[in-house]
Amino acid sequence: MPTETVYGLAADAANADAVARVYAVKGRPRDHPLILHVASSEGLDRYGADVSDSARRLAEVCWPGPLTVLVGRSAAVPDGITGGRSTVAIRVPAHPLATGIIERLGRAVVAPSANRFGRVSPTTPRHVLDELGDALDPSRDLVVDGGATTVGIESTIVDCTTPVPQVLRPGAITAAEIERIVGDVAAASGPARAPGMLARHYSPTAAVEVFEDREAAERRQAQLTADGVAVDVLDVDDPAEYASVLYQRLRAADDAGVAVVLAVLPSPEGIGIAVRDRLHRASAGR
Ligand code: TXA
Ligand code: MG
């Protein structure tokens, strides 16, 4: 299903077989928890326990929207979606097709990004088919076409179980905005706080190299081109626009047989911080 961030591989969170299939189709380790998608902030009380004031405040200000809060889990949270943890991640997506599905079902759906483990998240229905088409079963699976997603990168994840909320995954809603809303915010600390946040992630088949400025990227482009290597330069001035086209551009590079994507990093402000995070991960290990 579409959301405002990326397409999600949605399943009834209470249906253990469907959840197992989500893990299988993605090739995702079972100890990586899934986000519960709910239709309104009532879901926070239904599925959350020990919900802190900061979680409540963030939900009130940011939902529906690209923000996921981590809170204690209530007894209503099905086993097998939290990777054995005592916490649960919850969000209300800002997309009428997503909330419509959740409302009609009457309970939460899990919706990890609809890509294979470690790869680029899909932002169009075509990406979903390219990514998962082989694993889908036309007799029971369905791609809901909501066109291209608007935000383009995954939701901000905020751990609200710590005294000072911590940003586990940067996104369109920035740490600065969260600080304005709840008064204080910290960067994530401690190992593997969000198990999907691996150093190498969001990777196309092409190698990704990152640059602080356009000139450096162009020098590298000249070098590689002289060596006969197919390259693509990714450089978008407006950070919100950068986020919205990022994954589509990485996929397009693969489709065109590009060997190396030279990405000029946006300035570390606003959503530019999250775009930098994704590009660094996409380039890790190269
Ligand atoms: O924008 C989004 O959040 C998209 C759309 C489809 O809603 N969904 C998404 O889900 O990005 P996914 O599963 O690809 O990423 C969820 C991240 C993973 O890194 C996971 O480890 C983390 O959230 N997460 C979920 N529950 C958690 C928990 N209880 N504790 C720590 N991390 C958690
Ligand atoms: Mg994902």
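**Two buried helix residues, two helix faces and an enclosed ligand**

Lys-26 lies in helix α1. The model described here is predicted, and this lysine makes a convenient starting point for a walk through it. With a relative accessibility of 5%, Lys-26 counts as buried, because the limit for that class is under 20%. Apart from neighbours within four places in sequence, the residues in contact with Lys-26 are Leu-9, Pro-112, Ser-113, Asn-115, Arg-116 and Phe-117. One of these partners, Pro-112, is 86 residues away from Lys-26 in sequence, yet the two C-alpha atoms are 8.8 Å apart in space. The side chain of Lys-26 also reaches a backbone atom among these partners, with the oxygen of Asn-115 at 2.9 Å.

Helix α1, which spans residues 16–26, comes up again in the surroundings of helix α5, since the buried residues of α5 pack against both α1 and α8 (239–255). Those buried residues are Pro-125, His-127, Val-128, Glu-131 and Leu-132. They cover an arc of only 155 degrees around the axis and therefore sit on the same side of α5. His-127 offers a closer view of this side. This histidine belongs to α5, which runs over residues 125–132, and has a relative accessible area of 8%, so it is buried. Setting aside residues up to four places away in sequence, His-127 touches Pro-122, Gln-248 and Arg-251.

Helix α7 can be described in a similar way. It comprises 13 residues, 214–226, and extends 18 Å from its first C-alpha to its last, close to the 18 Å expected at 1.5 Å a residue. Its buried residues are Ala-216, Ala-217 and Leu-224. Viewed down the axis of α7, these residues fall within an arc of 95 degrees, so they line one face of the helix. That buried set packs against three strands, namely β10 (207–211), β11 (231–234) and β12 (260–264). On the face turned away from the buried side, α7 carries the exposed residues Arg-219 and Ala-226. Both ends of the helix deserve a look. At the N-terminal end, Asp-213 acts as a cap, with a side-chain oxygen 3.3 Å from the backbone nitrogen of Glu-215. After the helix comes Gly-228, whose phi is positive, near 80 degrees.

The remaining site of interest is the one around ligand 1. A shell of 28 residues surrounds this ligand, and the closest of them are Thr-5, Arg-28, His-37, Ser-155 and Arg-169. Several polar side chains approach its oxygen atoms. Thr-5 places a polar side-chain atom 2.7 Å from an oxygen atom of ligand 1, and Arg-28 likewise has a polar side-chain atom 2.7 Å from an oxygen atom of the ligand. For Arg-91, the corresponding distance between a polar side-chain atom and a ligand oxygen is 3.0 Å. Of the 680 Å² of accessible area that ligand 1 has on its own, the protein covers 98%. The elements giving two or more residues to the shell are β2 (35–37) and β5 (87–91). The most is given by β5, with four residues.

Methods:
Residues numbered from 1 in each chain as written. Chains lettered and ligands numbered in written order. Predicted model: local features only at pLDDT ≥ 70, side-chain atom pairs only at ≥ 80, totals over all residues. Heavy atoms only, no water. Buried < 20%, exposed > 50% of the residue type's maximum accessible area, 1.4 Å probe, protein only. Contact = heavy atoms within 4.5 Å. Arc of directions from axis to C-beta. Expected span 1.5 Å × (residues − 1). Polar contact = N/O pair within 3.5 Å; in protein donor to acceptor, adjacent residues only side chain to side chain. Near = heavy atom within 4 Å. Areas by Shrake-Rupley, 256 points an atom, 1.4 Å probe, with all protein chains shown as cover.
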